[in-house]
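Let us go through this model step by step, asking of each term why it applies.

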Amino acid sequence: MSDSENTLSAQSGGAQPREQWSSRLAFILAATGSAVGLGNIWKFPYITGENGGGAFVLIYLLCIATIGIPIMMAEIMLGRRGRQDPISTMKHLARESGHSRSWGLLGWMGVIAGFLILSYYSVIAGWALSYVPRMASGIFTGLDADGVNTVFSDLVGSAESLLAWHTIFMIMTMTVVARGVRGGLEKAVTYLMPLLFILLVILVFYAMESGHFEQGLSYLFTPDFSKISTKGVLTAMGHAFFTLSLGMGAIMVYGSYLPEKTSIATASIAVAVMDTIVALLAGMIIFPIVFANALEPAAGPGLIFKTLPLAFGQMPYGDLFGTLFFVLLVFAAWTSSISLIEPAVTWGMKTFKYSRIKMSVISGLLVWFAGLFTIFSFNLASDFTISTSITTHYGEFVILKDATAFDFLDYLTSNIMLPLGGLMIAIFAGWLMKKEYSKQELALSPFWYGTWSFLGRFIAPVMGIIVFMNAMGIIAFFESILGIKLDAFFRSLF
Ligand code: PHE
């Protein structure tokens, strides 16, 4: 098979037939490239640590199965049927089923969410990038936990360093986007995803040697519901959207290149399973190291940067493995960040008739600029925090407490925009799109179509609404009026 056959080629907007992924595998790899990223290796472990472990993981897995997979199927389906950028696709599909073109707003929200996520995603990817030369130089060899901590705090404390690495990562991302998401990317994904996987497995073996493997496993897999809070449940739901790249049009754009015959259900399940395996492997590596070195599981966003170098510093050939690990992490982040900006670029090309290169430069510069907020939130402006709460005569309900710009962006996108986008996608696909269309696109047996339809029409929207309402402080408000505590309710369920 030639290269051009084996990759995605056309990036055309409009209604003319577009070229397609040559195989199901090409799509699965690209979608996995989008899904597997910092969300799995950086975010999943630290939010698991902040939310007490096993119970959080269990809820997260349930969310992937019951809302993640059905919404992913819905999003791919809409993309394939619309075959355009998310905004035009939503307008077109709404019209096709006799609904308002305002559904284009959903595409809009996705474009903005992708933009905001990339602005901080790139800064964190910059951290990973900066650890490549650090690892290679061997500075972690034999370093103790305090030493490793200092390396991390020196990095995030320096606005100049963060700016430099963020700039390099944005240039990397926009270079691929400007050249079109073809050839190079899929080839890279074909080799690097399996390599990342193998390396993670090697590291799990290392974690087994740490002497605290069982403790790590039991932390991850033994649910202790006394540790879970409403916040934990909602973080788990929000993360299901983030980690599967749902609710903002990335998967919709990738779906728009999917050939007619490919089974959307099989592809979605494959992507979700791989994404979940990577996250769980990351957890199985990190927590044994955390316990072996008496570190704090709830260390927050710095968790992997404080734990992994410590382990690499003590293992044979640690510099080599460590360098390789951060290189692969950067690649995983790279393939995700490309999909974060792709909806905006395809939309801009069509709307302003700009070339792909011009649109990439413009959007790259805007995201780069927006990234400054996140950068400064770790150093110069770390005292600049936002707290929001609603005060009624029942008391004060805190929504955000001392949130920095980074916390705020993460909250706004993961807890509000992606769940809201996913919710609307589920409502559109489950309730508004004509059934004959969804039946034709999904081509499932009546039983599986019924299951998808139930999850997509009822469960996903209800969960989406709960996450959204909670994030907006509405749930706390009702809790107080009704005199109930949802924390207690969730615990009583198990
Ligand atoms: N899924 C990616 C990750 O886990 C992040 C992402 C979110 C990518 C939304 C695209 C869209 O790192």
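Q: Which residues lie nearest the centre of the largest cavity, and how many residues line it?

A: Fifteen would be easy to miscount by eye, so the rule matters: lining residues have an atom within 4 Å of a cavity point, where a cavity is a set of points, on a 1 Å grid over the protein atoms alone, at which a 1.4 Å probe fits but cannot get out. The largest cavity is lined by 15 residues, and Ser 34, Tyr 121, Phe 242, Ser 245 and Leu 340 lie nearest its centre. This is a predicted model, in which local features need pLDDT of at least 70 and side-chain atom pairs count only at pLDDT 80 or more, while totals for chains, interfaces and linings use all residues. Residues are numbered from 1 along each chain as its sequence is written, and side-chain values use heavy atoms, with hydrogens and water left out.

Q: What makes up the volume of the largest cavity?

A: A volume is the space filled by probe spheres set on the grid points, which are joined across faces, edges and corners, and for the largest cavity this comes to about 140 Å³. The second largest cavity holds about 40 Å³, and the count of cavities of 30 Å³ or more is two.

Q: Which helix gives the largest share of the lining of the largest cavity?

A: Helices are DSSP runs of H or I with at least four residues, numbered from the N terminus, and H15 gives the largest share, three residues.

Q: How many residues of each class are in the lining of the largest cavity?

A: Ala, Val, Leu, Ile, Met, Phe, Trp, Tyr, Cys and Pro count as nonpolar, Asp, Glu, Lys and Arg as charged, and the others, Gly among them, as polar; on this basis the lining has eight nonpolar, seven polar and no charged residues.

Q: Why is H11 called mostly covered?

A: A residue is buried when its relative accessible area is under 20% (1.4 Å probe, protein chains only), and 13 of the 14 residues of H11 are buried, so the helix is mostly covered.

Q: What makes the pair between Phe 242 and the ligand a polar contact?

A: A polar contact is a pair of N or O atoms within 3.5 Å. A backbone N or O atom of Phe 242 lies 2.8 Å from a nitrogen atom of the ligand, so this pair meets the cut-off. An oxygen atom of the ligand is likewise 2.9 Å from a polar backbone atom of Ala 35.

Conventions: On a 1 Å grid over the protein atoms alone, a cavity is a set of points where a 1.4 Å probe fits but cannot get out, and a pocket is an open set with protein on both sides within 12 Å along at least five of seven lines; lining residues have an atom within 4 Å of a point. Helices (H or I, at least four residues) and strands (E, at least two) are DSSP runs, numbered from the N terminus. Buried means under 20% relative accessible area, exposed over 50%, partly exposed in between (1.4 Å probe, protein chains only). A polar contact is a pair of N or O atoms within 3.5 Å; within protein, one must be able to donate a hydrogen and the other to accept it, and residues adjacent in sequence count only if both atoms are side-chain atoms.
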